[in-house]
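I open this notebook to record what I looked up in one structure. The entries follow the order of my queries.

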Amino acid sequence: MKQRIILCLLLCFSLKAFAQIPIVRNFTNMEYAGGTQNWDIDQATDDRMFFANNSGLMEFDGDKWYSFAIANYTNVRSILFDSQKEIVYAAGTDEFGYFYTNLETYKIEYKSLSANLPASERTFGEVWHIHNMGSGIVFEAKRRLFFQTAQGKLKVFGIPYRVETSAVIDNKVIVSCQEGNYIFDGSKLTALPGTDELKGKMVRAILPYYGKTLFVTAQGMMFLYDGKKLTPYSLDISPLLEASQVFCACVSDNMLAFGTVKNGLIVKNHKTGKNWYVNGLTGLQNNTVLSIKFDRNKNIWLGLDNGVSYVMVETPFADLLGGNNNIGTGYASVVMNGKLFLGTNQGLFFMPSTLSNLPGQGRPLPINGVVGQIWNLTNINNLLLCGADAGAFVVKGNQAFPVKGTLGTWGFKALKHHPGYILSSDYQGFVVLKQTGTGVELLNRVNGFSEAGAGFEEDSDGSIWLSHWRKGIYHIWLSPDLKSVACVELFNGNNGLPADDNNLITKIRGRVYVSSRDGFRHYNPKTRRLEKDERLTKVFSTYGQALRIAEMPDGKLWVYKDNYLSIAKPSGKGYKVDSLAFGNLIKRLQMSLGHIGILDTEHTLLNYDNGFYVMRNSYKGLPEHKHFFLRSIWSISGERDSLLYSHFPSQKVERVKIPHSLNSVRIEFVMPEYRDNKAVEYSCMLEGYEKSWSVPQTATYKEYTQLSRGTYTFRVKARNLVTGETAEVSITIEVLPAWYETWFAVFVYFCFFVGALYLLVKFLQKRAERKLVRMQEEKERQLKEQQTQFLIQEEKKEKELVKLRNDQLTIELKHKSGQLADSTMNLVRKNDMLQAIDEKMSELSDSVRKEEAKTYLTKKINDIRREIKSNMADDDNWEKFQENFNLVYDNFMQKLTAQFPDLKKNDLKLCAYLKMGLSSKEMASLLNTSVRSIETARYRLRKKLELDSGENLTNFIQNMEKEM
């Protein structure tokens with residue numbers, strides 16, 4: 001009953017502000033591969049975070065987690081980063097010491113300090129706090145303080161009672177026990193005056209607070225201490241603190257943060273009066289906070305009973321409902337009659353008031369009557385209209401009533417030129433709604449136009465502009481009765497726009513503009529064309545994609561597209577644009593079909609993939625500078641990686657020398673950023689190896705294999721997507737020569753070369769000598785062989801000469817025999833012919849003496865002539881001539897007829913006479929014809945032998961036997 005009363009009171013206090021829940025990023029023990037509980041938190045000068053975990057010291061740089069165990073492997077209960085020595089003190093059960101970087105091996109090593117204690121002092125239980133009080137380091141155990149002086153001497157101071165907590169205030173340690181409070185100055189422990197009121201109370205935190213000291217008890221009670229006396233201190237959150245059991249607390253500027261056992265984190269901002277509540281309902285992993293720490297960005301780290309959480313209180317964004325209160329992807333929102341209505345892809349919801357995120361408050365309540373995708377929420381004359389996938393609805397109370405006849409509805413516009421009428425766009429085109437006393441009703445569909453689109457506006461002349469995502473921009477004039485379209489103009493890539501698709505309609509200061517990928521355009525009614533609006537285009541100066549613009553009642557413009565969000569504030573006749581750099585959150589916005597909502601003049605609702613962000617319009621971020629450093633360089637040569645370099649903040653290493661045997665390396669780098677995973681993009685270049693920067697990516701390492709000897713400069717640029725900050729670091733990498741590339745190796749190579757050259761010369765000399773001897777022997781052998789071959793050749797040539805002579809004699813003998821045979825034959829034949837002629841002539845003489853008739857005498861003479869001619873053409877003689885000719889000329893005739901079968905007898909005779917070397921006159925006599933006939937016969941013979949015009953017939957016949 002008491003808790004209910006407290007919650008009601010707190011609710012009354014918080015109604016002034018809309019619900020704003022800090023965005024929470026959780027890390028489970030599975031992610032950091034450590035124990036569940038985290039007892040202490042600290043931050044290094046280079047932004048790395050350290051956690052005292054059940055498994056040891058945990059380190060996180062925004063990208064990787066590392067774990068280190070203390071000497072006796074117990075739970076680490078407390079840690080402290082020493083920025084001067086750049087070491088991390090850590091303590092557990094009966095153990096305390098520090099971790100440091102060995103600059104020779106670059107490995108993290110642990111050195112125990114408690115090992116230097118006397119044996120009687122080494123059992124002291126758990127060390128829950130470590131403090132740097134300037135003059136030394138204090139380790140707080142339950143009944144002892146261990147003080148290490150600046151000179152390294154370790155002192156032990158006993159405490160009479162069990163310590164609840166301790167803290168450093170003005171370079172002195174205040175120790176709180178239930179029985180009393182003490183102050184330690186480095187030499188002695190004395191009672192803290194004026195603190196009797198704290199007796200019997202468990203103090204959980206001691207904090208510096210506006211020049212005083214604030215004591216916070218486990219029961220949530222607070223006391224201010226001015227050095228003399230205690231004064232009770234109360235806040236509006238005190239009743240909640242009393243009910244939540246405070247376990248830890250911390251302070252930063254105007255903010256007090258309390259970690260509780262039952263209700264997570266509670267934060268109070270004294271400057272604004274605002275409270276934040278982060279718990280299991282709003283996104284925290286669990287409600288038990290064991291440790292708490294503000295980082296340099298004024299955001300809060302929480303060490304939980306199971307896991308680690310990061311609470312982002314210092315951002316322009318807050319979560320309306322929290323990560324665990326999901327009602328779907330946000331699309332539309334509106335505040336009306338003291339209620340906040342929320343449209344998502346899961347339906348329509350409302351919050352009964354402007355709730356804060358107090359523990360125990362539930363989810364938004366659903367509106368009955370409509371489910372599924374909600375596209376639009378519009379307040380027209382205090383009438384809430386809902387455009388949904390199921391159609392148009394009128395919302396009254398917690399019930400939605402459908403408008404009959406409508407399909408899936410994109411949005412609504414009250415027509416200024418037709419009061420009482422509303423133009424709505426659904427999946428099939430435009431419909432006209434008429435307001436009634438109880439709501440709206442469908443008047444008619446607009447005929448003559450069936451295109452649909454979510455973006456449309458009424459112009460000052462009453463015409464309608466509609467953006468179609470694929471076809472372009474339509475300019476529409478409705479008929480006076482609103483029943484049909486009187487005129488339509490289409491603007492696209494062929495008519496005033498750079499492309500057909502993805503052009504948008506927006507309305508600024510009452511004027512309609514078209515937003516395209518190359519800027520803004522407005523309509524000129526005189527020319528009926530779209531003209532480039534250079535003034536508005538120059539205001540935003542971002543191209544490549546059309547900008548969506550939502551104008552707020554105060555004249556501010558929300559401007560957005562993929563991965564870009566800015567707010568433009570009126571400035572004179574123009575605007576001043578402030579771009580928001582929180583790219584990690586902007587990339588989650590769902591704005592393509594959603595609508596920006598207005599909570600009040602200072603807060604805007606933006607839709608994102610898990611609900612709604614509350615945007616603080618006047619947010620001015622803290623100046624930030626993120627550290628960027630090379631984390632390590634590893635050799636990846638061989639089976640196991642070898643560490644070549646590790647980051648040490650105060651050591652500015654400009655050159656790293658790498659042995660040639662380890663010339664394959666992995667270079668790791670990081671810009672610690674905790675507000676989102678993969679929130680930094682990196683681009684690398686190894687000068688001397690690469691000529692251009694790599695494509696930006698979120699990987700925090702770069703590998704190079706088999707680097708040649710030489711000097712390289714590794715450069716890496718980082719771009720923080722959260723802050724927009726960019727930075728660059730570089731390091732020179734010298735790959736040493738291999739053992740075979742050193743000067744000593746070169747000298748050895750030179751000596752080896754000289755020796756080898758000397759041996760080579762001696763070897764060549766001996767080989768030349770041996771070769772000369774072999775050559776002389778070879779020459780003598782060849783000379784003997786040549787002499788032997790000469791004798792053999794002489795003998796062989798003599799035999800061939802004898803054979804040739806015999807062959808020549810045989811041929812000559814055949815030729816002479818042929819000639820003799822021819823002469824003999826011709827003589828015999830001549831004698832026979834002459835004898836026959838003589839007999840005929842004797843007969844002719846007798847006939848003349850007898851004076852026989854003239855005719856008879858003529859006949860006798862003709863017979864004699866015929867016989868002479870017959871003898872001259874006697875074939876038998878030719879056959880005998882041919883036989884003898886073949887004998888003499890080695891069957892010339894047979895070979896000739898075989899090659900030229902078309903030759904006639906006279907052709908053969910002519911060939912034979914040519915072979916014999918007879919002249920044309922001699923051949924004419926033998927053939928009993930004229931010389932002219934012989935020339936004609938020679939011409940015909942050339943054609944039959946297919947001789948070219950310049951080729952000699954006689955030479956051809958003479959040499960023909962050789963070619964055959």
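Entry 1, exposure and aromatic rings. I looked up Y210 and found that this residue is exposed, with a relative accessible area of 54%. I apply these cut-offs with a 1.4 Å probe and protein chains only: buried is under 20% relative accessible area, exposed is over 50%, and partly exposed lies in between. Y209 is buried, at a relative accessible area of 5%. The model is predicted, so I accept local features at pLDDT of at least 70 and side-chain atom pairs only at pLDDT 80 or more, while totals for chains, interfaces and linings use all residues. Residues are numbered from 1 along each chain as its sequence is written, and side-chain values use heavy atoms, without hydrogens and water.

My search of the whole structure for aromatic pairs returned 48. The ring centres of Y209 and Y210 lie 4.9 Å apart with planes at 80°, so I record this pair as edge-to-face. Rings of Phe, Tyr and Trp (its six-membered ring) pair if their centres lie within 6.5 Å; planes under 30 degrees apart are stacked, over 60 edge-to-face, and the rest tilted. I also noted one aromatic cluster formed by F27, Y32, F51, F60, W65, W301, Y310 and Y674.

Entry 2, charges over rings. I required NZ of Lys or CZ of Arg within 6 Å of the ring centre and within 35 degrees of the ring normal. K717 places its charged end over the ring of W693, 4.2 Å from the centre. K561 lies over the face of Y564, at 5.9 Å from the ring centre.

Entry 3, A546. Which residues is A546 in contact with, leaving aside its neighbours within four places in sequence? I found N502, L504, S515, S516, R517 and K561, with contact meaning heavy atoms within 4.5 Å. A546 belongs to the loop between α4 (534-540) and β50 (548-551); helices (H or I, at least four residues) and strands (E, at least two) are DSSP runs numbered from the N terminus. A546 is buried, with a relative accessible area of 7%. The C-alpha atoms of A546 and E946 are 90 Å apart, with these positions 400 residues apart along the chain.

Entry 4, the whole protein. I counted 13 helices and 64 strands. The C-alpha trace spans about 200 × 105 × 45 Å along its principal axes. Of the 964 residues, 48% count as buried.
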